[in-house]
Amino acid sequence: MEIDDLKPNAANRISHHSKFSINVLQLLKSSQMQHGLRFGDYTRYRRYCTARLRRLYKSLKFTHGRGKYAKKAITASTITEVRFLHLVLYMAERAWSHAMEKRQLPDGPTARQRNYLIGRLRKAVKWATLFAELCAIKGDSRTSLEAEAYASYMKGSLLFEQDQNWDIALKSFKSARAVYEELGKYGDLENQVLCRERVEELEPSIRYCLHKIGESNLQASELVHIGEMEGPALDLFKAKLEAVMAEARSQQAASMTEFHWLGHRFPISNAKTRVSILKAQDLEKDLHGSTSESLQAEKRLAIFDKIFAAYHEARSCIRNDLATAGNSENVKDDLSGLDKAIGAVLGQRTIERNQLLVSLAKSKLNKVRDDKNDRVTKPEELVRLYDLLLQNTADLSDLVSSGRDRKSEEVELAEECELKSLAFRAERCFYLAKSYSLAGKRTEAYSLYCRARSLADTVLKKVQSLATPNQVMVKDLKTLSNDSRSNSCIEHAIGIMEEEKAPENLLEKISSISLTGNEKKLGKLLVEKLDSYESAVGDSSTRGVPRIETFPPAFQAIPRNPIVLDLAYNSIEFPSFENRMKKDKKGFISRLWR
């Protein structure tokens with residue numbers, strides 16, 4: 001329960017002489033994780049801080065007037081409750097979150113927005129310093145220590161963003177780290193874990209400050225490595241690191257003149273295109289490097305998203321250059337070839353990403369659900385993923401085969417796409433058979449398993465006939481062929497068993513049919529025990545259906561009138577009425593009126 005929900009009565013009001021206690025780090029971490037910062041949404045957190053401040057002002061009756069604004073300063077004499085300290089703390093948090101919101105704009109802050117960002121950070125430092133001063137007077141020793149660490153962190157963040165006074169920023173971060181290291185030795189387990197996490201979040205900023213001062217020989221790769229951690233305290237460091245990496249790429253792009261792809265060389269004249277391609281290539285090294293196997297699937301997917309964004313940015317620059325190329329055919333041909341090459345690389349990375357999604361889905365296919373958050377994969381989801389892979393391989397094959405002067409590397413890539421397409425078809429057929437099997441359609445499942453085995457054997461022969469066969473692909477195809485054969489035998493056997501038991505099951509179902517409904521009751525209904533005080537809902541711990549009345553009502557046998565067949569109707573001869581019927585007149589005048 002939040003503190004601002006307390007009623008300011010005599011029982012809850014704290015005396016002037018007692019010391020207030022606030023677990024600052026635990027309070028802020030809980031608020032941040034519950035209101036947006038778990039997903040890096042600083043806008044949502046800023047709005048929460050604003051709403052929280054409004055509630056605190058109203059509950060404390062510390063508003064600034066209904067008409068003209070009359071500012072009320074918070075001093076040591078003003079603080080009669082711990083919620084006054086919360087006011088100052090959340091003022092600092094609101095200013096800090098507003099600055100971080102501007103820092104995370106899609107294209108980065110402009111010069112004007114950067115000035116506003118630094119102004120908000122100054123406000124955060126001002127409120128954090130006031131919070132530390134008030135806690136030193138009104139708070140206990142632990143609260144005062146945490147407030148000092150919080151103010152030091154805010155001051156270090158401001159200097160970190162301003163790119164100046166790195167020695168003072170280093171001193172601020174180190175003092176905050178020392179406080180949290182000391183606090184992490186005491187208190188409950190949750191507090192110790194939070195303090196250790198904050199120490200780990202401060203470590204990259206300290207190392208970066210040392211790097212800027214010149215007391216550390218960190219390389220760019222090491223900076224990227226220490227920036228892989230997560231946490232709100234690291235967002236400024238990550239933004240600074242991204243700026244450093246962008247500057248390094250710009251310097252490296254000056255020496256990059258060509259893009260090599262499948263035997264082709266395409267010149268690159270635009271500096272922005274070079275930087276985007278270099279960024280994507282650096283990210284690809286993280287995926288295919290020696291440490292790629294230790295990366296978690298979520299991080300690999302995040303790297304793929306960054307690669308796609310970099311290549312799409314490069315293609316956008318290339319198409320802008322195409323629009324402004326004029327009548328120069330050579331320049332247009334080079335730009336078109338470069339656009340085609342980057343599109344093919346994008347297609348290859350898309351296939352790799354979808355294969356990663358397939359491996360994740362397969363790992364959850366036969367998994368028993370133990371956790372509420374663990375969702376089991378259905379075969380239909382794998383069928384949909386293989387549909388995407390088939391479409392990706394078809395697009396890549398069309399793109400590679402569209403040129404006139406095709407290199408041998410392009411021909412090999414087209415053949416590889418064809419083999420992958422056949423393998424994906426076999427996999428898709430296998431999981432489609434699984435979905436039919438779960439639906440109880442044995443004939444369709446058996447046919448699809450046989451088809452999957454046939455496709456897998458065909459692709460396996462083609463792969464093994466290559467000069468350098470892909471051993472991973474060979475192993476997967478052999479496994480698929482064996483699984484298809486075993487599953488087809490199982491479906492055949494189950495189908496025969498179900499066919500043998502079909503008459504017996506039908507007889508059993510027919511024998512249980514009754515006009516009065518199911519005679520096996522769980523207990524008396526409420527309408528049958530109106531004279532006794534007994535609940536029809538059952539125990540609150542169980543999820544049983546309330547037994548009030550059967551609905552829909554059961555069929556009842558009722559008497560009917562006897563069926564009478566009227567056989568005398570067929571033996572009656574009715575009189576003729578032809579002599580009474582009106583006859584047509586066929587005279588001369590009647591013919592005129594026709």
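Start with Asp163 in this predicted model: select the loop between helix 5 (141-162) and helix 6 (166-183), where Asp163 is found. Although Asp163 is not a glycine, its phi is positive, about 60 degrees. Most residues other than glycine have a negative phi. Colour by accessibility and Asp163 counts as partly exposed, because its relative accessibility is 42%.

Now stay with helix 5 and select Thr143, which lies in that helix. Is Thr143 buried or exposed? Its relative accessibility is 0%, so Thr143 counts as buried. To see what surrounds it, show the contacts and leave out residues up to four places away in sequence: Thr143 touches Phe20, Ser21, Ile22 and Cys135. Add Leu25 to the selection and draw a C-alpha to C-alpha distance from Thr143. The two residues are 118 apart along the chain, and their C-alpha atoms are separated by 9.8 Å.

Go next to Lys61, in the loop between helix 2 (42-60) and helix 3. Here too the phi is positive, about 55 degrees, in a residue that is not a glycine. How does Lys61 stand in terms of accessibility, buried or exposed? Lys61 is exposed, because its relative accessible area is 69%, and the cut-off for exposed is over 50%.

From Lys61, move on to helix 3 (residues 82-103) and select helix 4 (residues 111-138) with it. Two packed helices are described by the angle between their axes and the distance between the axes. For helix 3 and helix 4 the angle is about 160 degrees and the axes are 8 Å apart. Helix 3 is therefore roughly antiparallel to helix 4, as angles over 145 degrees count as such. Turn the view to look across the pair: helix 3 passes helix 4 in a left-handed crossing. Colour the contact by residue class, and it divides into 18 nonpolar, 1 polar and 6 charged residues.

A second helix pair comes next: select helix 11 (residues 297-323) and helix 12 (residues 329-363). At what angle do their axes cross? The crossing is at roughly 165 degrees, and the axes come within 10 Å. Helix 11 and helix 12 are therefore roughly antiparallel to each other. Their crossing is left-handed. In the contact of helix 11 with helix 12, the residues divide into 17 nonpolar, 4 polar and 10 charged.

Further along the chain, select Ser447, found in helix 15 (residues 442-464). Ser447 counts as partly exposed, because its relative accessibility is 42%. Add His492 and draw the C-alpha to C-alpha distance. It comes to 9.7 Å, while Ser447 and His492 are 45 residues apart in sequence.

Finally, clear the selections and show the whole protein chain as a cartoon. Its secondary structure comes to 17 helices and 2 strands. Switch to colouring by burial: of the 594 residues, 37% count as buried. With the surface displayed, the accessible area comes to about 37,900 Å², and 52% of this belongs to carbon and sulfur atoms. Last, consider the contacts between residues at least 6 apart in sequence: 66% of these join residues at least 24 apart.

Key
Residues numbered from 1 in each chain as written. Predicted model: local features only at pLDDT ≥ 70, side-chain atom pairs only at ≥ 80, totals over all residues. Heavy atoms only, no water. Axes fitted to C-alpha atoms, helices over the stretch in contact; angles between N-to-C directions. Helix = DSSP H or I, 4+ residues; strand = E, 2+ residues; numbered from the N terminus. Parallel < 35°, antiparallel > 145°, perpendicular 65-115°, else oblique. Left-handed = near helix turned anticlockwise from the far one by under 90°. Nonpolar A, V, L, I, M, F, W, Y, C, P; charged D, E, K, R; others polar. Buried < 20%, exposed > 50% of the residue type's maximum accessible area, 1.4 Å probe, protein only. Contact = heavy atoms within 4.5 Å. Areas by Shrake-Rupley, 256 points an atom, 1.4 Å probe, with all protein chains shown as cover.
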